[in-house]
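I have a new structure open today and a fresh notebook page beside it. Come along while I look things up.

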Amino acid sequence: MLQYLSGCALLCFTFIALYHFMISLPRRKRRWLIRKHHHLYKQKQFSPLLLRWLWITNNNRMQERQQLLVGCGLPLDVSLYFVVKRLLFIVIIGFSLLVYTAMRWGLPLFFQPQYLVVFIIAAMFLLIFDKMVLEVLRKQRSQRIINEVYILSNQLLYYSGSSMNLHNKLTRCIPFTSRIRNELSLLVNEWYEDADLAINRFKTRLGTEEGHSFAETINSLRLYDTDHFYDLLRQRILDYKEKIELMKESKKETTSYLLFIIAGLPILNVFRIFIYPWVAEGKKLFDSLN
């Protein structure tokens with residue numbers, strides 16, 4: 001059991017290390033992202049028989065999952081998401097049965113069984129508890145959006161005394177963004193086509209509460225560019241700052257819990273190596289006396 005737990009911990013730490021390594025790599029700027037993957041955003045027309053075989057029904061659960069996908073920055077079609085999820089679930093179950101049959105009949109395997117068990121458990125966990133995983137991803141993205149919205153709000157406040165129009169101000173704010181640069185660039189590009197529609201699209205692309213409030217702030221500044229609304233922007237900035245401080249405290253607590261758990265692993269290993277043999281010998285002694 002301890003070996004499986006150690007394998008799970010090793011897999012989790014390896015995944016975290018690879019994830020942070022991949023996001024730290026320099027990335028080429030992607031142009032026309034929405035047009036490039038536009039086929040993934042359209043509503044898919046799957047066969048009703050296929051959906052019935054995969055136990056997929058159009059209900060509130062699918063709508064809720066669609067909101068989670070948008071909040072994670074993945075505006076994929078929810079039908080495509082559920083079809084891929086069900087197919088992966090079937091493939092993993094079939095693979096597990098094949099491996100179990102091979103182990104039962106003593107056929108040679110090209111990998112260690114414990115690593116296979118860890119992989120299957122991790123994959124099944126991600127598929128079964130995908131809603132929880134998406135909520136965690138949405139929360140992380142929301143925290144990043146809060147940081148950038150805080151920076152953008154301060155930059156707009158800096159331009160409060162300027163004679164530039166709001167479109168030029170937002171254009172000058174693009175270099176200060178990283179996570180929502182694509183969304184803000186699309187907002188600026190679609191501005192003169194229909195400013196109100198562009199702001200609504202910007203709100204939909206962000207898909208978070210903070211993104212909605214920032215979009216409403218932009219719309220208010222577009223309609224009423226007065227000192228009163230800049231005072232409201234200052235209040236919003238203070239609210240964002242409080243949320244950022246709360247997020248920092250929450251991260252410190254989470255890090256302390258993880259360090260406490262990691263510190264307990266060597267203690268369990270010491271118990272298994274040094275103490276457990278003495279316990280086993282004592283049990284044998286008592287059994288022989290009885």
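Here are my entries, from the whole chain down to single residues.

**Entry 1: the whole chain.** I started by noting that this is a predicted model. I then looked up the secondary structure and found 13 helices and zero strands. Reading from the N terminus on, I met α after α through the whole run of elements. Next I checked burial: 29% of the 290 residues count as buried. I also looked at contacts with a sequence separation of 6 or more, and residues 24 or more positions apart account for 64% of them.

**Entry 2: the cores.** Which residues touch the most other members of the largest nonpolar core? I found Leu-156, Leu-170, Leu-187, Trp-191, Phe-202, Phe-214 and Ile-218, out of 29 residues in that core. Helices α8, α9 (166-173), α10 (181-189), α11 (195-206), α12 (209-223) and α13 (227-289) each supply at least two residues of this core. There is also a second, separate core of ten residues, and Leu-69, Tyr-81, Phe-82 and Leu-134 are among them. As background, I jotted down that nonpolar side chains tend to be buried together in soluble globular proteins.

**Entry 3: Trp-191.** I picked Trp-191 from the list above and set aside its neighbours within four places in sequence. What remains in contact with Trp-191 is Leu-166, His-167, Leu-170, Ala-198, Ile-199, Ile-218 and Arg-222.

**Entry 4: Leu-221.** I found Leu-221 in helix α12. Is Leu-221 buried or exposed? Leu-221 counts as buried because its relative accessibility is 4%, and the cut-off for buried is under 20%. Not counting residues up to four places away in sequence, Leu-221 touches Leu-156, Leu-166, Phe-229, Tyr-230 and Leu-233. I looked at one of these partners again: Leu-156 is 65 residues from Leu-221 in sequence, while their C-alpha atoms are 9.8 Å apart in space.

**Entry 5: two residues of α8.** Ser-153 lies in helix α8, and so does Gln-155. Ser-153 is buried, with a relative accessible area of 0%. Where does the side chain of Ser-153 reach? I traced it to the backbone oxygen of Val-149, at 2.8 Å. Leaving out residues up to four places away in sequence, Ser-153 touches Phe-214, Leu-233, Ile-237 and Tyr-240. Gln-155 also counts as buried, at 13% relative accessibility. With the same neighbours left out, Gln-155 touches Cys-173 and Phe-176.

**Entry 6: α5 against α8.** I stayed with α8 and turned to its packing with α5. Helix α5 (residues 60-71) and helix α8 (residues 130-158) pack at an angle of about 35 degrees, and their axes are 8 Å apart. I noted the crossing as left-handed. On the α5 side I listed Glu-64, Arg-65, Leu-68, Leu-69, Val-70 and Gly-71, which meet Asp-130, Lys-131, Leu-134, Glu-135, Arg-138 and Arg-141 of α8. How many of these contact residues are charged, polar or nonpolar? I wrote down seven charged, one polar and four nonpolar.

**Entry 7: a loop residue.** My last stop was Ile-56, which sits in the loop between α4 (48-53) and α5. Ile-56 counts as buried, at 9% relative accessibility. I then paired Ile-56 with Val-83: the two are 27 residues apart in sequence, and 7.8 Å separates them in space, C-alpha to C-alpha.

How values were computed: Residues numbered from 1 in each chain as written. Predicted model: local features only at pLDDT ≥ 70, side-chain atom pairs only at ≥ 80, totals over all residues. Heavy atoms only, no water. Axes fitted to C-alpha atoms, helices over the stretch in contact; angles between N-to-C directions. Helix = DSSP H or I, 4+ residues; strand = E, 2+ residues; numbered from the N terminus. Left-handed = near helix turned anticlockwise from the far one by under 90°. Contact = heavy atoms within 4.5 Å. Nonpolar A, V, L, I, M, F, W, Y, C, P; charged D, E, K, R; others polar. Buried < 20%, exposed > 50% of the residue type's maximum accessible area, 1.4 Å probe, protein only. Polar contact = N/O pair within 3.5 Å; in protein donor to acceptor, adjacent residues only side chain to side chain. Core = buried A, V, L, I, M, F, W, Y, C linked by side-chain atoms within 4.5 Å.
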